[in-house]
Amino acid sequence: MAKLTGIVWLAATLAVASVPPSAYAAEDPPAVKAAAAGSQDALRKTIAAATKEGEISYWDAVIQPATNNALADAFRKYYGLPSAFKVSYSLSSTGALVTRVDQEFNAGRVTIDVVGMASLPWVHEKVRAGHVMKYDSPQYPAYKEAMAKGLALDGYFAFNGAYVFVPMWSSDKFTLKGNSYKDVLGAVPPGQITIGDATKSVTYLATYMAQRGVLGIDFFKKLAEMKPVIALRSELIANQLITGQYQLAWSGMPTRAYQFNQKGGKLKFILPKEGVVLLPQAQFITAKAPHPNAAKLWLDFVLSEQGQNIIVNGEAMISGRSGFKSPLPEYAPPIDSLNVIKMDWAKISTADMNKARAEWVGIFNP
């Protein structure tokens, strides 16, 4: 009996030893299961390295805490990371984010792994200066159309979502008639309209530069006659409309309209017939990222269909993924349905932006 038991034990051991690694696929996290067979081992190694790093640090100018929490939870589950894995997130204004990142790059002491920034001229400058990691994300093929339009750069960055600044109001207090930027002029009394501060935000500045090319400088001089109140954070601009502090916002953000309307707000906006300035929030890995493996996984997840669904549902941002079906088409329409004001962002320099900023200051005198 003892001899038979030993034979059975030996047979069982040999059987287990002969099972191919693929038989244990059930133990792999969803990311590995979904990966192509030839890339699974490499992904396992990256996940193991990221687990050892234990953290990802990213800065952004749009993503709200609730959306970040949803992303972080799904990210850990997708890659099978431990609950102790830390997602360190900082929400900042674009101007402050540019200053912080530039300071770190200049000092050579980088603490940020991933940056989300909707200023393509600035991002292209960082690529040219060697501050952006060269990384061929497996998600990049889904962004080829965006790359062809100059909204992303193969091997360096795509965008976690794009947004626009357009005229916006609270429909229980005011209604803007028309569908043109020009319909804003004289629509409310002086001092009852807000405008984004282009001296502190590179995205408000980029919007001004593109709109100026379509509307002309004289239009903005007329807009200045309405005595617009200078504002910064998009959340505050939306809240001021809801409370009735101001009737109209020149730099309204549909993503904030969605978030406030979910809580009972009545914010409305137009996508003007002259076109909108699409601001793709380029997401890239810093060249000296302290947690490079975790950064790669984070970038891949955020750009994936699952990550994009979380961001669009939470922030009503416009996805750059080809074939992506927006769950919120009213607030975040498919990118191909938009009339986008064309700009060659890669050719715009810091000097160009400084000149435009000085012009804006001369018009609005903040």
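**Exercise 1. Determine whether Ala187 is buried, partly exposed or exposed in this predicted model, and describe its surroundings.**

Solution. Step 1: the relative accessible area of Ala187 is 28%. Buried would require under 20%, and exposed over 50%. Ala187 is therefore partly exposed.

Step 2: as to its place in the chain, Ala187 belongs to the loop that connects β5 (166-170) with β6 (193-196).

Step 3: once neighbours within four places in sequence are set aside, Ala187 has contacts with Phe174, Leu176, Met226 and Leu248. Lys177 lies 10 residues away along the chain, and its C-alpha atom is 8.4 Å from that of Ala187.

**Exercise 2. State in which order the strands of the five-stranded open sheet are arranged, and identify which strands stand at its edges.**

Solution. Step 1: the order is β7-β6-β8-β5-β9, and the pairing is mixed.

Step 2: β7 (229-231) and β9 (267-269) each have a single partner strand, so they stand at the edges, and one side of each has no neighbour in the sheet.

Step 3: with direction ignored, neighbouring strands of the sheet are turned against each other by 30° on average.

Step 4: the pairing of β5 with β9 is antiparallel and comprises three bridges. Within it, Ser170 has Leu267 of β9 as its bridge partner.

**Exercise 3. Describe how α4 (65-79) and α12 (292-303) pack, and which residues meet.**

Solution. Step 1: two packed helices are described by the angle between their axes and the distance between the axes. For α4 and α12, the angle is about 110° and the axes are 11 Å apart. Angles of 65 to 115 degrees count as roughly perpendicular, so α4 is roughly perpendicular to α12.

Step 2: on the α4 side, the residues in contact are Leu71, Ala72, Ala74, Phe75, Tyr78 and Tyr79. They meet Ala294, Leu297, Trp298, Asp300 and Phe301 of α12. By class, this contact holds 10 nonpolar residues, no polar residues and one charged residue.

Step 3: Tyr79 also reaches beyond α12. Not counting residues up to four places away in sequence, Tyr79 touches Pro29, Ala31, Leu43 and Ile47, as well as Leu297, Asp300 and Phe301.

Step 4: the largest nonpolar core has 125 residues. Phe75, Tyr79 and Trp298 are among those with the most contacts inside this core, together with Ile56, Phe220, Leu223 and Trp250.

**Exercise 4. Carry out a similar analysis for helix α8 (residues 202-215) and helix α9 (residues 217-224).**

Solution. Step 1: the angle between α8 and α9 is about 110°, and their axes are 7 Å apart. The angle makes α8 roughly perpendicular to α9.

Step 2: Tyr208, Gln211, Arg212 and Leu215 of α8 are in contact with Ile217, Phe219 and Phe220 of α9. These residues comprise five nonpolar, one polar and one charged.

**Exercise 5. Identify which residues of helix α13 (residues 305-315) are buried and which elements they pack against.**

Solution. Step 1: the buried residues of α13 are Gly307, Gln308, Ile310, Ile311, Val312 and Glu315.

Step 2: these buried residues pack against α4, α11 (254-261) and α12, and also against the strand β4 (158-163).

Step 3: β4 is itself mostly covered, with six of its six residues buried. Four bridges join β4 to β10 (residues 279-285) in an antiparallel arrangement. Here Tyr163 stands opposite Leu279 of β10.

Step 4: after α13 comes Ala316, which has a positive phi, near 55°.

Key:
Residues numbered from 1 in each chain as written. Predicted model: local features only at pLDDT ≥ 70, side-chain atom pairs only at ≥ 80, totals over all residues. Heavy atoms only, no water. Buried < 20%, exposed > 50% of the residue type's maximum accessible area, 1.4 Å probe, protein only. Helix = DSSP H or I, 4+ residues; strand = E, 2+ residues; numbered from the N terminus. Contact = heavy atoms within 4.5 Å. Core = buried A, V, L, I, M, F, W, Y, C linked by side-chain atoms within 4.5 Å. Axes fitted to C-alpha atoms, helices over the stretch in contact; angles between N-to-C directions. Parallel < 35°, antiparallel > 145°, perpendicular 65-115°, else oblique. Nonpolar A, V, L, I, M, F, W, Y, C, P; charged D, E, K, R; others polar. Pairing = 2+ DSSP bridges.
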